[in-house]
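Work through the exercises below with the structure open beside you. Each task is followed by a solution in steps.

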Amino acid sequence: MAPLLTLRRMFAVLVLFSTTRFVFNGWVDTQVLDPIWTFPFDGFEWLPRPSLTGAWVLFSGMILGGVLLLFGKTAKWGAALFFICFTYVELLDKSNYLNHYYFVSLVAFMLIWLPTSATTSMVPRLAVTSIRLLLALVYFYAGLAKLNADWLLNAQPLIMWLPQHSSFPLLGPLFAFKEVAFLFSWAGAAFDLFAPFALFSDRIRPYFYPILVTFHVLTWILFPIGVFPWVMIACTTVFFSDGWHVGLWNRMPGSSWRVPLPNSDGGNAIWSVQQVALVWIFLGIQLIFPWRVLAYQGSMYWHESGYRFGWRVMLMEKAGWATYFIQNDKGQEREFPVGDFLTPNQEKMMGTQPDLMIATAKHIQEIWDDAKGEHVRVRAEVWASLNGRRSQLMIDPFVDLTTLENDWGQRTFVLPLDSVIRPKQYESMKDSLRDARGW
Amino acid sequence: MFASNHLKRETGLRFWGPVLPFLVLLFSGCDPSDDNNADNFDRGAYLTETADNIIVPAYAEFAEESQSLKQALDDLVLGQVSAEDIIALRETLRETYMAWQRVQLFDFGPAINRALLVTTNTYPTDPVEIAEAALLPSWTGGLPGILDSSGLPALEWLMFSEDATATAVTWNEETSGRLFHARRLATFMADEAEAVHSSWTSGYRDSFVASTGTEAGSSIGEMLNAFNRVYEANIRKGKLGLPNGFMTFSQTPQPELVEAPFAAMWSVDFLAESLKSCAHVYFGDDSNGSTNALGLDDYLKSLGDVSYGEGLHDDIAAQLSSAETAIASLEDPLATFVVEQQAASYDVYGELQALVVLWKVDMMSSLGVLITYQDNDGD
């Protein structure tokens, strides 16, 4: 019970901090209110975009939820309120997707159901184990995702990212060396893969946790990944023993933090079969869902089918630029500027994520139809660069994107990563390609 | 005690011990002296050189040219304006316009704060609005509704709507308000130019060179985002892609959209000067990389002999030179050229387009410059 109590209290503090930070950074404006149009998650297109009032309600809800989560008696309501408000905002726009937002949603969801109040002295062992398993899974999958040629053999993208931090105190000058990028890449992969075993092992954990703290603090300093490192540092204390957690709270000044000592011979409370089954179903989904990527051919980092919700964190440097063209029934074509209805961040994300390209094309078709009452086909020339490769044509430039669906099928309109077509080459083949494809 | 034993075991004195081997490994694995593939690019020095050798001098020149234009207008006497005066004025306007082409890229910081780009060079300009404004007793510059009757394009229309002799006659009529209004336009522009210039010299330059990171909002981030945006929208599209009809359905040329349509013979020179200023920023000086001046070329080369470093630089340098050659094949009046030789103008546009890809996708990615201030867990 005590590990979950610590988890809940620390998680509450972190979500309060994170929500406040989000608001004070002006991101409610830039991510929620400013966008003229958004990329809602599949199946959640019906969610109404919040007005200014709506945004106040949602973010106040997150703050209130965080506060309620601090106290045992109201924790479940707080978790539920926070989960709903937070997840609502995340579902509004795929271009804002972050793995750590997803992680926060999952933990908040679990805290609705798990016994975390200080007065519950006996809880089913599975309650603690379920959170531990989720964390283990996050690390392990993040590690597996690093087992690819770019990461291991080319030290990409760290070899491009680290030298930017040459003014970093002490370590800075070292970041200029390719060897350091390789060391970080291999060490990072090993760390992630080893973490689940180290955290579960009573013998190794005391040695591993300081490494874990160092690792996350370093990533926090080097990369703009927000509060994620602190969430992981806080959440992984759930692997510590009951005794450690009780000691932690009872050493705090003031009595309101105190927790009762665990009853060493009292055994554990028991969950019903249904409850146990629900926990395993939840964990099973987490275990299996990321593997959907195996169903797709080609580089996951390039086509991004099955990329989200799979703990692929800080794995690639990808940039892209999409130019859209519309063609009317007379066969006349013109460029269509997307900067008018996409924010800079949306445009950047759309430049590399194929499902956002389809959504953008369909929206362009609607805009044109509304404005001119004229049906148009929409195509896009997309130039993208992945992990230090030079920019290459990313999708079929002569396919009507509005005829494609954002289903879970193979994205055949995405050109294979190894079919490198560079701008000059494209210029020379463009006219014949256009004729051949009937544009 | 039960609890404190646990505390000691989990976080006791051994806490930092395991990290030491990791740090030792880090330091021992790489001795800076025995390796030369280090990225030793000094962003602070780069920013200092760019500010002191390129940006601030360019603003100083633009402010000075704007001031001489204002002065030249102030020196004229109503009723005594001659055709020669108008011809001399036109030359001063051309110099100012050329100086503008060398500052348009720096549309961030003080320039953004004063909306310098839109108040100085929004075109096509609206002659009716200008003629009406000339008759008004008072006029306030910089308002959103009058951008298309302000700045260089408005002055250009006032000086070129008729031939020099006829212009002199019109300007001498007090009722036309032309001389009077030209002074107001030039004064506003000169004041704005000087305001931006003095923002740079009185503080912004120092904070600019001190912000050496690559995060969104850092100097490099601000500068390169503006560079890409102005190149893509104002140079590639504004100066060629709109006039040559590439952006329209019917692919009909829009000759009235060229820059400086009334002067007629300046458009290509301005486009060429714009690209030259991009090259200037890229190489750090006018020598196309042959001197030691730090530029983006040196930044890319410092990444080493890799496709995203020296390889990318080679491509950018080659593309810059083929774009320059392509622009040289255009002829003024550009308004006529885009109509009569539209296909040729498309080829030039293609060369300009290739640079967008290289700068906006490849270079930004290589340098890891962030364009938006937002958490990111890996693109």
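**Exercise 1. The hairpin**

Task: Find how many residues lie between E1(A) and E2(A) in their hairpin, and which residue in the turn has a positive phi.

Solution. The model is a predicted one. Step 1: five residues separate E1(A) from E2(A) in the hairpin. Step 2: in the turn, A:Gly331 has a positive phi of about 85°. Step 3: the pairing of E1(A) with E2(A) is antiparallel and runs over four bridges. Step 4: for one position in this pairing, take A:Phe325, which stands opposite A:Glu335 in E2(A).

**Exercise 2. The sheet**

Task: Give the order of the strands in the open sheet of chain A, and name its edge strands.

Solution. Step 1: strands of a sheet pair through backbone hydrogen bonds, in either the parallel or the antiparallel sense. Step 2: the four strands of this open sheet follow the order E2-E1-E3-E4 in chain A, with antiparallel pairing. Step 3: the edges are strand E2 (333-336) and strand E4 (392-393) of chain A, each of which pairs on one side only. Step 4: helix H16 (residues 354-372) of chain A packs on the sheet and touches E1, E2 and E3 of chain A. The direction of helix H16 of chain A makes about 150° with that of E3(A).

**Exercise 3. Strand E1 and its partner E3**

Task: State over how many bridges strand E1 and strand E3 of chain A pair, and give residues that stand opposite each other.

Solution. Step 1: strand E1 covers residues 318-327 of chain A and strand E3 covers residues 377-386 of chain A. Step 2: the two pair in the antiparallel sense over ten bridges. Step 3: A:Lys318 stands opposite A:Leu386 in E3(A). Step 4: A:Tyr324 has A:Ala380 as its bridge partner in E3(A). Step 5: as for burial, E1(A) is mostly covered, with seven of its ten residues buried.

**Exercise 4. A helix with a kink**

Task: Check the length of helix H9 (residues 178-200) of chain A against the expected span, then locate its kink.

Solution. Step 1: helix H9 of chain A has 23 residues, so at 1.5 Å a residue it should span 33 Å. Step 2: its end C-alpha atoms are 34 Å apart, which agrees. Step 3: H9(A) has a kink of about 45° at A:Phe194, shortly before the proline A:Pro196. Step 4: the buried residues of H9(A) include A:Phe184, A:Phe191, A:Ala195 and A:Leu199. Step 5: the buried residues of H9(A) pack against helix H6 (125-145), helix H7 (149-153), helix H8 (158-161) and helix H10 (205-222) of chain A.

**Exercise 5. Unusual backbone angles**

Task: Identify where A:Asn387 and B:Ala260 lie, and decide whether each is buried or exposed.

Solution. Step 1: most residues other than glycine have a negative phi, and most peptide bonds are trans. Step 2: A:Asn387 has a positive phi near 50° and sits in the loop between E3 and E4 of chain A. A:Asn387 is buried because 23 other C-beta atoms lie within 10 Å. Step 3: B:Ala260 has a positive phi of about 55° and belongs to the loop between helix H11 (219-241) and helix H12 (267-283) of chain B. With 28 C-beta neighbours inside 10 Å, B:Ala260 is also counted as buried. Step 4: for cis peptide bonds, look at B:Tyr123 to B:Pro124, with omega near 5°, and at B:Asp332 to B:Pro333, with omega near -5°.

**Exercise 6. A loop residue of chain B**

Task: Decide how B:Ser307 is classed by its C-beta neighbours, and list what B:Ser307 touches.

Solution. Step 1: B:Ser307 lies in the loop between helix H13 (296-301) and helix H14 (310-328) of chain B. Step 2: B:Ser307 has 16 C-beta neighbours inside 10 Å, so it counts as partly exposed. Step 3: leaving out residues up to four places away in sequence, B:Ser307 touches A:Gly388, A:Arg389, A:Arg390 and B:Leu312. Step 4: B:Asp362 is 55 residues from B:Ser307 in sequence, and their C-alpha atoms are 9.8 Å apart.

Methods:
Residues are numbered from 1 along each chain as its sequence is written. Chains are lettered from A and ligands numbered from 1 in the order in which they are written. This is a predicted model: local features need pLDDT of at least 70, side-chain atom pairs count only at pLDDT 80 or more; totals for chains, interfaces and linings use all residues. Two strands pair if DSSP finds at least two bridges between them. Two residues are in contact if their C-beta atoms, placed from the backbone, lie within 7 Å. Axes are lines fitted to C-alpha atoms, for helices over the stretch in contact, and angles run from 0 to 180 degrees between N-to-C directions. The expected span of a helix is 1.5 Å times one less than its number of residues. The bend at a residue is the angle between axes fitted to the seven residues ending there and the seven starting there. A residue is buried if 20 or more other C-beta atoms lie within 10 Å of its own, exposed if 12 or fewer, and partly exposed in between; C-beta atoms are placed from the backbone.
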